[in-house]
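Reader: I'm new to reading protein models, so could we go through one together?
Author: Sure, let's take it piece by piece.

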Amino acid sequence: MDMHDETIHSPIVLPDQRPIRSIAVIGAGAWGTALAMTAASAGRVVRLWGRDPAHVEAMARQGRNSRYLPEVDFPAGLSVTADMAVAVSDADAVLLVTPSSSIRAMARRLDQHLGGVPVFVCSKGIEAGTGMMMSDVVGAEMPRHTVGVLSGPTFAHETARGYPTAVTIAAPFTSAERAAPQTSPAARMALAMGSEWFRPYVSDDVIGVEIGGAVKNVIAIACGMMTGAGFAENTRAALITRGLDEMKALAAALGGSRETVTGLSGVGDLTLTCSSSSSRNMSLGLQLGQGIARPMCFGGAPVVVEGENTAISLTDLARRVGVEMPISEAVREILHCGADLGETFAALWSQPIRGEPRALSFEMAHPASVEAIDTFARAFA
Ligand SMILES: NC(=O)C1=CN([C@@H]2O[C@H](COP(=O)(O)OP(=O)(O)OC[C@H]3O[C@@H](n4cnc5c(N)ncnc54)[C@H](OP(=O)(O)O)[C@@H]3O)[C@@H](O)[C@H]2O)C=CC1
Ligand SMILES: O=C(CO)COP(=O)(O)O
C-alpha cells in the first residue's frame, strides 16, 4: 500500500462511538415512563428514576405506573429506583424528563453522579427568569456532557401503548460527526430508542427543535381558549398557522432553522397539541375559554401545563430579540395580567394588517381597530 492509499483508508478518528446499551430516565411521570418503556421495548437496559420512594415502590410491586399511565404494564428490561446514583450507574445516556421548572435542579443533582455521557432533555419549556432554553440550562449545570433534546408530537399514553410515534433527536455535531452523522450522540440515541413503532429522526438543530416544543404549548392554550369560548375550526386553523409564523420567526432569530420548525418538533407537535383535548395545554385553554376560573381547572388538581409559565419566559425572550409574537402575548395577557379573554382576542383580530410572509414588511390599521375608526373619523369629519 503506498502513502496515498494509506491517507485515503486511514479511519476518521471519532470521539465516543460506543452504542448506547443502557439508559437512565430521570422523571417517572407520564412522559418519562413512556420513554423508559419505549427504550426497554427496543432492547435497552433501562432504569427509571422517580423522586417519590413510595411511588417507586408501588411501580416496582405492580409492574406499572398506576399514578400516570395506569393501563400499561412495564416491558422486560425496565427497573425503577428512587436512588439517582443507582439510576445512572452504568448508563450510556440519560433522558431528563421532569417539568421544565425543575430541570436546573435535576441537572445539578445529576452532575454529581454522572460521568461524561450524553444527556437528552425531553421537557418542553423556557426557563423562567433567565429565558434560557432547557439544553442551555443543562449545559450550564453539566459542562462535561453533550446535551441534546428529544421532542415531537407524542402523547405519552399513545407512545406507551405502542401506537406508531415519530420524534426528533437533536444534539450538536462535532466537525467529525458532521462528516459521519451516524456516529453522533443524537444518531446513537436514535439507534438505541428506535423500534418498529418508534421512529426517531436525527438533527443537529437543538435550538430549532426546542423552540418548537416551547411555543406550541402557548399556541395550544390560545386554541383551547378560542374553542372553549365558542369559536370554530376557521379560528383554530388561523391560530395554528399564525402560531407557526411566531415559531419560525423566533427560531430564526435565535439561529435555528425554519426547516426544523416545519418538522416533527414544530409543525408536528403544534398540530397534535392544538387538535386534541388530550393536551393539558389545550385543555387548560378550553376550560378558561368556558369561563372556569384557573384554580378550578382540572378539578383543582395540580397538572403540569408547561405553556402557562412559558407564556411569560417566551414573550420576554421574544421581546429581547425583537420578534413580535402577538398570539403568545395575548395568552400572556389573559393568563397573567388579568386581561379579558374576549376583548383580548377581539383586539388580536383587529391588529394592524400586515404582509403574510414577515419579509413583506408593512402594516396599516385594521378597519375594525380603534385606531382605524379614529383615523377614519378624523379624515371624514
Ligand atoms: N405527557 C406527555 O405526553 C408529554 C410530556 N412532555 C414533557 O415532559 C415533561 C414532563 O411532563 P410529564 O411527564 O407529562 O408530567 P407528569 O405530570 O406526568 O409527571 C411529572 C413528573 O415530574 C416529577 N416532578 C414534578 N415536579 C418535580 C420537581 N420539582 N423535581 C423533580 N421531579 C418533579 C413528578 O413527580 P411526582 O409524581 O412525585 O410529583 C412526576 O414524576 C414536560 O416538560 C412535558 O412538556 C413531552 C412530550 C409528551
Ligand atoms: O407535548 C405533548 C405532546 O407532544 C404533550 O402536550 P401537553 O403537555 O399539552 O399535554
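Reader: Is Gly 29 buried, exposed or partly exposed?
Author: Keep in mind that we're looking at a predicted model here. A residue needs 20 or more other C-beta atoms within 10 Å to be buried, and 12 or fewer to be exposed. Gly 29 has 19 other C-beta atoms within 10 Å, so the label for Gly 29 is partly exposed.

Reader: And Ala 30, is that buried or exposed?
Author: Ala 30 sits in helix H2, while Gly 29 is in the loop between strand E1 (22-26) and H2. The cut-off for buried is 20 or more neighbours. Ala 30 has 20 C-beta neighbours inside 10 Å, so Ala 30 counts as buried.

Reader: Which residues does Ala 30 touch, not counting those up to four places away in sequence?
Author: Let's start with Gly 29, which is in contact with Tyr 68 and Val 97 once neighbours within four places in sequence are left aside. With residues up to four places away left out again, the list for Ala 30 is Tyr 68, Leu 69, Ala 156 and His 157.

Reader: What does UniProt list Gly 29 and Ala 30 under?
Author: The record is an unreviewed entry, and its list takes in Gly 27, Ala 28, Gly 29, Ala 30, Trp 31, Gly 32, Ala 156 and Arg 280. Another list in an unreviewed entry also includes Trp 31, Ala 156 and Arg 280, along with Val 304. The feature name given for Gly 29 and Ala 30 is "binding site".

Reader: Which residues come nearest to ligand 1?
Author: There are 26 residues around ligand 1. By class they split into 11 nonpolar, 11 polar and four charged. The ones that come nearest are Gly 29, Ala 30, Ser 102, Ser 123 and Ala 156.

Reader: Which helix gives the most to the shell around ligand 1?
Author: Ala 30, one of the residues that come nearest to ligand 1, is found in a helix we've already met. Trp 31 lies in that helix too. With three residues in the shell, the top giver is helix H2 (residues 30-41).

Reader: Is Trp 31 buried or exposed?
Author: Leaving aside neighbours within four places in sequence, Trp 31 is in contact with Val 97, Cys 122 and Ala 156. It takes 20 or more other C-beta atoms within 10 Å to count as buried. Trp 31 has 27 of them, so Trp 31 is buried.

Reader: What about Val 304, is that buried, exposed or partly exposed?
Author: Val 304 is in the loop between H14 and helix H15 (306-320). Not counting residues up to four places away in sequence, Val 304 touches Pro 99 and Arg 280. Inside 10 Å there are 16 C-beta neighbours, so Val 304 counts as partly exposed.

Reader: Where does ligand 2 lie relative to domain 1 and domain 2?
Author: Of the 13 residues around ligand 2, the nearest are Thr 154, Asp 269, Ser 279, Arg 280 and Asn 281. Domain 1 (22-204) and domain 2 (208-349) both give residues to this shell, so ligand 2 lies between them.

Reader: Which helix gives the most to the shell around ligand 2?
Author: H10, helix H13 (264-273) and helix H14 (280-289) each supply at least two residues. The shell as a whole divides into four nonpolar, five polar and four charged residues. With three residues, the biggest contribution comes from H13.

Reader: Which residue does the UniProt annotation "active site" cover?
Author: The residue is found in helix H10 (residues 206-228), and its contacts are Asp 269, Leu 270 and Thr 273 when residues up to four places away in sequence aren't counted. With 33 C-beta neighbours inside 10 Å, it counts as buried. According to the unreviewed entry, the annotation covers Lys 216.

Reader: Which element gives the most to the side of domain 1 that touches domain 2?
Author: Across the boundary, 23 residues of domain 1 are in contact with 25 residues of domain 2. Helix H6 (134-141), strand E8 (147-151), strand E9 (165-170) and strand E10 (198-203) each give two or more residues to the domain 1 side. With four residues, the one that gives the most is E9.

Reader: Last one: what pLDDT does the protein average?
Author: In this model, 93% of the residues score at least 70. The average pLDDT of the protein is 93.

How values were computed. Residues are numbered from 1 along each chain as its sequence is written. Chains are lettered from A and ligands numbered from 1 in the order in which they are written. This is a predicted model: local features need pLDDT of at least 70, side-chain atom pairs count only at pLDDT 80 or more; totals for chains, interfaces and linings use all residues. UniProt positions are given in the numbering used here, feature names are shortened, and annotations may be inferred rather than shown by experiment. Two residues are in contact if their C-beta atoms, placed from the backbone, lie within 7 Å. A residue is near a molecule or strand if its C-beta atom, placed from the backbone, lies within 6 Å of it. Ala, Val, Leu, Ile, Met, Phe, Trp, Tyr, Cys and Pro count as nonpolar, Asp, Glu, Lys and Arg as charged, and the others, Gly among them, as polar. Domain bounds come from an automatic or database domain assignment. pLDDT is the predictor's confidence in each residue, from 0 to 100.
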